[in-house]
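Please take a moment to look over the sequence and the structure below before reading on. The paragraphs that follow go from one region to the next.

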Amino acid sequence: MRILGIDPGLQTTGFGVVDADGHALRYVASGTISTRHLGSGNLPARLKVLFDGIGEITARYQPEASAVEIIFVNVNPQSTLLLGQARGACVTALVSHNLSVAEYTALQMKKAVAGHGQAAKAQVQEMVKRLLDLPGLPGADAADALGIAITHAQVGRSMARLAEAAELSKTHAGTYRQGRSR
């Protein structure tokens, strides 16, 4: 399964694409979408750059699933609102390309990639490099996006098994109820 991971940001949004085949992970691509060239007062244009950039990445790499980092409230409420709009543009772009969108917190990603939720950016970069057998460290935003994709590759398998088990229990539960007699 090809997974597109997104680390949303208003100035810089990271993306990472990995192929997952069972437990094997293979690096496909990563990078950033930047809106720094636009004025900070031009929010609609910046959101359009993000939306269009995610659309281009989706068209080029043809992912089967996507995962986006969940944003939490920062100290500055205005920054949180702006970041939420950037995240919304990214999610909307993914959905408009008919992709399922999973969501993970930074804590979940750090636990999945580095083994503990308080991992520093440098630790995440190093573990992404090792997990994907990269020749060098990815940039911080790209590493976070690759980490989100890796998290989905790991957690997605577990969630699929749980969904299968839930579906199986529904069919068995119905069978047992119908099979009772006096």
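**A walk through the predicted model**

Leaving aside neighbours within four places in sequence, D7 is in contact with T12, T13, G14, E69, D141, D144 and A145. These contacts are read from a predicted model, and they make a convenient place to start, with D7 itself sitting in strand β1, which covers residues 2-7. D7 is buried, because its relative accessible area is 7% and anything under 20% counts as buried.

Two of the residues that D7 touches, E69 and D141, appear together with D7 in the annotation. In an unreviewed entry, UniProt lists D7, E69 and D141 under "active site". Although these three are spread over 135 residues of sequence, they cluster in space, with a largest C-alpha distance of 11.3 Å. The unreviewed UniProt entry also places the feature "binding site" at D7 and D141. These two span 135 residues in sequence, yet their C-alpha atoms are no more than 6.5 Å apart, so they gather at one spot.

Each of the other two annotated residues can now be taken in turn. E69 belongs to strand β4, which is made up of residues 65-69, and E69 is buried, since its relative accessible area is 11% and the limit for buried is under 20%. Not counting residues up to four places away in sequence, E69 touches I6, D7 and P8, and its contacts also include R87, Y104, T105, A106, D144 and I148. D144 is therefore a residue found in the contacts of D7 and also in those of E69.

D141, by comparison, is found in helix α5, which runs over residues 140-179. With a relative accessible area of 25%, D141 is partly exposed, because that value falls between the limits of 20% for buried and 50% for exposed. Again without counting residues up to four places away in sequence, D141 touches D7, T12, G14 and T32. Of these, D7, T12 and G14 can be followed back to the start of this account, since T12 and G14 are also among the contacts of D7.

From the annotated residues the path leads on to a pair of helices. Helix α3, residues 106-114, and helix α4, residues 121-131, have axes that come within 9 Å and cross at roughly 50°. That angle makes α3 oblique to α4, and the crossing of the two helices is left-handed. By class, the contact of α3 with α4 has 7 nonpolar residues, no polar residues and 1 charged residue. On the α3 side the residues are M109, K110, V113 and A114, and these meet V124, M127, V128 and L131 in α4.

Two loop residues complete the tour, and both call for a look at the backbone. Most residues other than glycine have a negative phi. Q62, however, has a phi near 50°, a positive value in a residue other than glycine. Q62 is found in the loop between α1, residues 43-61, and β4, and Q62 is exposed, because its relative accessible area is 55% and values over 50% count as exposed.

The phi of D133 is near 55°, again a positive value in a residue other than glycine. D133 has its place in the loop between α4 and α5. With a relative accessible area of 69%, D133 is exposed.

Terms used:
Residues are numbered from 1 along each chain as its sequence is written. This is a predicted model: local features need pLDDT of at least 70, side-chain atom pairs count only at pLDDT 80 or more; totals for chains, interfaces and linings use all residues. Side-chain values use heavy atoms; hydrogens and water are left out. UniProt positions are given in the numbering used here, feature names are shortened, and annotations may be inferred rather than shown by experiment. Helices (H or I, at least four residues) and strands (E, at least two) are DSSP runs, numbered from the N terminus. Buried means under 20% relative accessible area, exposed over 50%, partly exposed in between (1.4 Å probe, protein chains only). Contact means heavy atoms within 4.5 Å. Axes are lines fitted to C-alpha atoms, for helices over the stretch in contact, and angles run from 0 to 180 degrees between N-to-C directions. Angles under 35 degrees count as roughly parallel, over 145 as roughly antiparallel, 65 to 115 as roughly perpendicular and the rest as oblique. A crossing is left-handed if the near helix is turned anticlockwise from the far one by less than a right angle, and right-handed if clockwise. Ala, Val, Leu, Ile, Met, Phe, Trp, Tyr, Cys and Pro count as nonpolar, Asp, Glu, Lys and Arg as charged, and the others, Gly among them, as polar.
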